[in-house]
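Here is a short report for a reader new to this structure. Please look through the sequence and the model first.

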Amino acid sequence: MEKFIELAKKRGSCRAFTDKAVEKELLLSCVEAASLAPSACNSQPWKFTIVTDPEKRKELAELTHDTGFNQWADKAPAFIVVSEDAHPAVIKSVADRYGESRFSEGDVGMATAYLLLQAEELGLGSCVIGTFVDAKVKRLLGISEADTARAIIALGYPAEAPRPKKRKGVEEIAKII
Ligand SMILES: Cc1cc2nc3c(=O)[nH]c(=O)nc-3n(C[C@H](O)[C@H](O)[C@H](O)COP(=O)(O)O)c2cc1C
């Protein structure tokens with residue numbers, strides 16, 4: 001196991017994959033990692049739909065083309081769609097004061113980050129896709145209408161080299177008071 005910072009530096013969006021199928025155990029391992037993320041009141045307001053069926057993959061990839069980008073997704077050997085529960089199990093006093101869904105999107109984002117990092121650890125390439133119509137994705141995959149599909153994650157064995165990271169410097173984004 002490498003140092004976390006090395007893993008975080010190594011992970012980069014991958015948009016070209018080999019034809020090799022991704023083993024079911026590895027996809028489930030990514031979901032297990034996601035399930036270890038923190039969440040408000042431990043509500044775990046997330047669901048993961050793993051898509052490997054060729055016909056469903058094709059239809060799902062088409063739903064990511066909305067903005068004219070993401071054609072590369074047609075060749076992804078697997079997807080995991082991360083969706084957010086409509087009614088997370090947060091403590092009543094928290095829900096009463098802040099609304100039951102106040103923290104869910106952040107929670108789902110953290111789970112997604114864990115999933116991506118586990119994929120990297122397992123030697124898989126991954127890329128989050130955010131441009132799709134929620135209702136169409138849910139209909140295609142049989143996700144509850146009340147929930148929200150937040151991210152489609154493409155996964156596969158990488159067929160491209162990682163790009164150098166472009167990030168704001170720590171001195172620009174951090175303030176110590
Ligand atoms: C919420 C979200 C939506 C994204 N949507 C897309 C997308 O639709 N297509 C795409 O190619 N990349 C997408 N990305 C990947 C980002 O472009 C990428 O994470 C960013 O440029 C930083 O690069 P890195 O992941 O290689 O570090 C998305 C990332 C996030 C977190």
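## Lys47 and Asp85

Lys47 is partly exposed, because its relative accessibility is 44%. The model is a predicted one. Asp85 is its salt-bridge partner, and the closest N and O atoms of Lys47 and Asp85 are 3.3 Å apart. Asp85 counts as buried, with a relative accessibility of 14%. A partly exposed lysine thus meets a buried aspartate.

Where do Lys47 and Asp85 lie? Lys47 belongs to strand β1, residues 46–51. Asp85 is in the loop between β2 and α4 (92–98). The pair therefore ties together parts that are 38 residues apart in sequence.

## Arg150 and Glu84

The structure holds 8 salt bridges. One of them joins Arg150 to Glu84. Here the closest N and O atoms are 2.6 Å apart. Arg150 lies in strand β4 (residues 148–156) and Glu84 in strand β2, so this pair ties together parts 66 residues apart in sequence.

Are the two partners buried or exposed? Arg150 is partly exposed, at 31% relative accessible area. Glu84 is buried, at 6%. Under 20% counts as buried, so the value of 6% places Glu84 in that class.

## Arg163, Glu160 and a network

Arg163 and Glu160 also form a salt bridge through their side chains, with 3.5 Å from N to O. Arg163 is partly exposed, with a relative accessible area of 44%. Glu160 is partly exposed too, at 27%.

Which residues are joined into one network by salt bridges that share partners? They are Glu84, Glu105 and Arg150.

## Aromatic rings

How many aromatic pairs does the structure hold? There are 2. One pair is made by Phe17 and Trp72. Their ring centres are 6.4 Å apart. Their planes stand at 45 degrees, so the pair is tilted. The tilted class takes planes that are neither under 30 degrees apart nor over 60.

This pair links distant parts of the chain, 55 residues apart. Phe17 is in the loop between α1 (4–10) and α2 (24–35). Trp72 is in the loop between α3 (54–62) and β2 (78–84). Phe17 is buried, with a relative accessible area of 8%. Trp72 counts as buried as well, at 18% relative accessibility.

## Around Tyr157

What sits over the ring of Tyr157? The charged end of Lys20 does, 4.2 Å from the ring centre.

Tyr157 also has a C-alpha atom 4.9 Å from that of Leu124. Along the chain, Leu124 and Tyr157 are 33 residues apart. Leu124 is found in the loop between α5 (104–121) and β3 (125–129). Leu124 counts as buried, because its relative accessibility is 2%.

## The ligand

There are 13 residues around the ligand. Which of them come nearest? Ser13, Arg15, Asn70, Lys165 and Arg167 do.

Polar atoms approach the ligand from side chains and from the backbone. A polar side-chain atom of Arg11 is 3.0 Å from a ligand oxygen atom. Asn70 places an N or O atom of its side chain 2.7 Å from a nitrogen atom of the ligand. At Gly130, a backbone N or O atom lies 3.0 Å from a ligand nitrogen atom. Taken alone, the ligand exposes 620 Å², and the protein buries 56% of that.

## Cys41 and Asn42

Two residues other than glycine can be named here for a positive phi value. Phi of Cys41 is near 55 degrees. Phi of Asn42 is near 50 degrees.

Where are they found? Cys41 lies in the loop between α2 and β1. Asn42 lies in the loop between α2 and β1 as well. Cys41 is partly exposed, with a relative accessible area of 31%. Asn42 is exposed, at 52%. Exposed means over 50%, so the value of 52% puts Asn42 in the exposed class.

Conventions:
Residues numbered from 1 in each chain as written. Predicted model: local features only at pLDDT ≥ 70, side-chain atom pairs only at ≥ 80, totals over all residues. Heavy atoms only, no water. Phe/Tyr/Trp six-rings, centres within 6.5 Å; stacked < 30°, edge-to-face > 60°. Helix = DSSP H or I, 4+ residues; strand = E, 2+ residues; numbered from the N terminus. Buried < 20%, exposed > 50% of the residue type's maximum accessible area, 1.4 Å probe, protein only. Lys NZ or Arg CZ within 6 Å of the ring centre and 35° of its normal. Salt bridge = Lys/Arg side-chain N within 4 Å of Asp/Glu carboxyl O. Near = heavy atom within 4 Å. Polar contact = N/O pair within 3.5 Å; in protein donor to acceptor, adjacent residues only side chain to side chain. Areas by Shrake-Rupley, 256 points an atom, 1.4 Å probe, with all protein chains shown as cover.
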